[in-house]
Structure formats: C-alpha cells, structure tokens
Amino acid sequence: MSLRLNCDLGESFGSWKMGLDEAVMPHIDQANIACGFHAGDPLVLQKTLALAKANNVTIGAHPGYPDLVGFGRRSIKATAAELKAVVHYQIAAIDGMAQTQGLTLTYVKPHGAMYNDMMADSAVRATIMQAISEYHRPLVLMLQSTPQADLHLQEADSIGLELWFEIFADRCYDDDGKLLARTQPGAVHNKEKMLAQVKQLKEQGTVTTVSGHILTLRADTLCVHGDNMDGVNAIQEIRGLIR
C-alpha cells in the first residue's frame, strides 16, 4: 500500500498559536491549509503557503464552517446554496493566494464538523462534491475511508470528481468505520498506538476498532494532526513506516 502523509496546518489566528507547522512541514507530502473560516487569517495563510513551497509540499484547501469560536467543530445548518458558497469562497481565497506565490492548489479536505457532516449525511456530501466539481478547474476531494468507499466512488464518478481516501494515524476507529468522537476516552492515540495502527494499515490494509473488530479500508493518504504532540513527535517514524 502506497501512502502519502497529510496534516492540517495554518490554523493559528492572530496572536493565537495552533499547531507546530514548522516542525511538521518538512516531513509531510500534503498540507491541508485552513482558509480563514474555522481558523487561520490572511497572514497565516500566506506564511503557511510559503512554508509549503519551501518544503515542496502539495497544498490543499481545508475549508470549514464559519465558526472561529468553536474551531469549526460545531455543525451549522445551511442550505445547499449557502454551503456551496461557503466552500467556493474558501477555495477561491487559498487558490488565489497560492497562485500569487507560484503554487497550484490540488485538492480539498473539509474540516471538523463539515467533514463529519459530509461523511454522515449524503445530502451534505452531495453538496460538497458538487461544489468542488463545479469549481472552474479540476480539484480532488479528500474524504475519510470507510466500508462505504465503493458507494462514495460511485457518487463522485457520476459528476466527474476524483477522490483520495484518507486514513487517520492518531485517531481511534468506531466499529462502523467512523472516528471515535473526541469526547470518548481513547479517541486520540498515544505514540505507541499510533505507530501500531500505521504499521497494521501499511502491512495488512486494516485497522482495529475500539472494540477489537478488524476493518479493511482503502487508503491513499494518511493524516497526522499537528495539534497532537504525540503525532508530531512520531511523524518521522510514521514517514519511515509508510515508505
């Protein structure tokens, strides 16, 4: 199994520091960069793009709900038209700033509650897929790999959208293939469990759920969160495992 390594970055805001972007960027393949709605600001976005360019890292938009206070982790009810506009606005912002630095935006990975809603609600997923497919040039959608991957591929193929399936190195899985809620004990793995999950995924194409079930999941890219210190400390070892 060939895997790329991705991380959510650019999530600082003003004087508020989030994540360890400088420590992470040299070791990843893909940077999911906040677009200003759940985190990030114009200067942070500009600096994060420059950091990605210096490390030859592929860049992706990381749009979220307009919820700075809740860090985009609270669902917001929106019409399909509103959701499309929110997604297009954020993609366009990072796309324009990337082009200014001679960079090309390649993909989109929704953040937080938007990501979770996309995975749980077929109507939200269809709207986000349509928003990305209707952008003025092709972009790839990154979404969580689950046992429903074949269905998600069919949904995307019907509108000409390419998908990259994502697995999480540092998150525990529920039996249905979803991520265990952060409010639950053991939702975020320590370094030992993280490395074991990555090794199992690489060698067997599976993950072990919270209750011990084995799930087979397809994967194109592996996420490590830059706000998880264990993940940051393990990132070089994870890169070695997936290479």
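Begin by selecting Asp8, Lys109 and Glu166, which are linked in a network of salt bridges. As you look at them, keep in mind that this is a predicted model. Side chains of opposite charge can pair when their charged atoms come close, and by the rule used here the count comes to 10 salt bridges.

Next, select Asp29 and Arg239, which form a salt bridge whose closest N and O atoms are 3.6 Å apart. Asp29 lies in the loop between helix 1 (21-24) and strand 2, while Arg239 belongs to helix 8 (residues 229-242), so the pair ties together parts that are 210 residues apart in sequence. Asp29 is buried, with a relative accessible area of 17%, whereas Arg239, at 24%, counts as partly exposed.

Stay on helix 8 and select Glu237, then add Lys191, its salt-bridge partner, with the closest N and O atoms 2.7 Å apart. This pair also links distant parts of the chain, since Lys191 sits in helix 7 (residues 191-204), 46 residues apart from Glu237. Glu237 is partly exposed at 39% relative accessibility, and Lys191 is partly exposed at 30%.

Now move to Glu22 and Lys17, another salt bridge, in which the closest N and O atoms are 3.6 Å apart; Lys17 is exposed, with a relative accessible area of 52%.

Finally, select Asp41, in the loop between strand 2 (30-34) and helix 2 (42-54). Which side chain of opposite charge is nearest to Asp41? That is Lys47, 7.9 Å away, and Asp41 is buried yet has no salt bridge. The side chain of Asp41 does, however, reach the backbone nitrogen of Val44 at 2.7 Å, and, leaving aside residues up to four places away in sequence, Asp41 touches Ser12, Phe13 and Gly14.

Definitions and conventions: Residues numbered from 1 in each chain as written. Predicted model: local features only at pLDDT ≥ 70, side-chain atom pairs only at ≥ 80, totals over all residues. Heavy atoms only, no water. Helix = DSSP H or I, 4+ residues; strand = E, 2+ residues; numbered from the N terminus. Buried < 20%, exposed > 50% of the residue type's maximum accessible area, 1.4 Å probe, protein only. Lys, Arg positive; Asp, Glu negative; His and termini not counted. Salt bridge = Lys/Arg side-chain N within 4 Å of Asp/Glu carboxyl O. Polar contact = N/O pair within 3.5 Å; in protein donor to acceptor, adjacent residues only side chain to side chain. Contact = heavy atoms within 4.5 Å.
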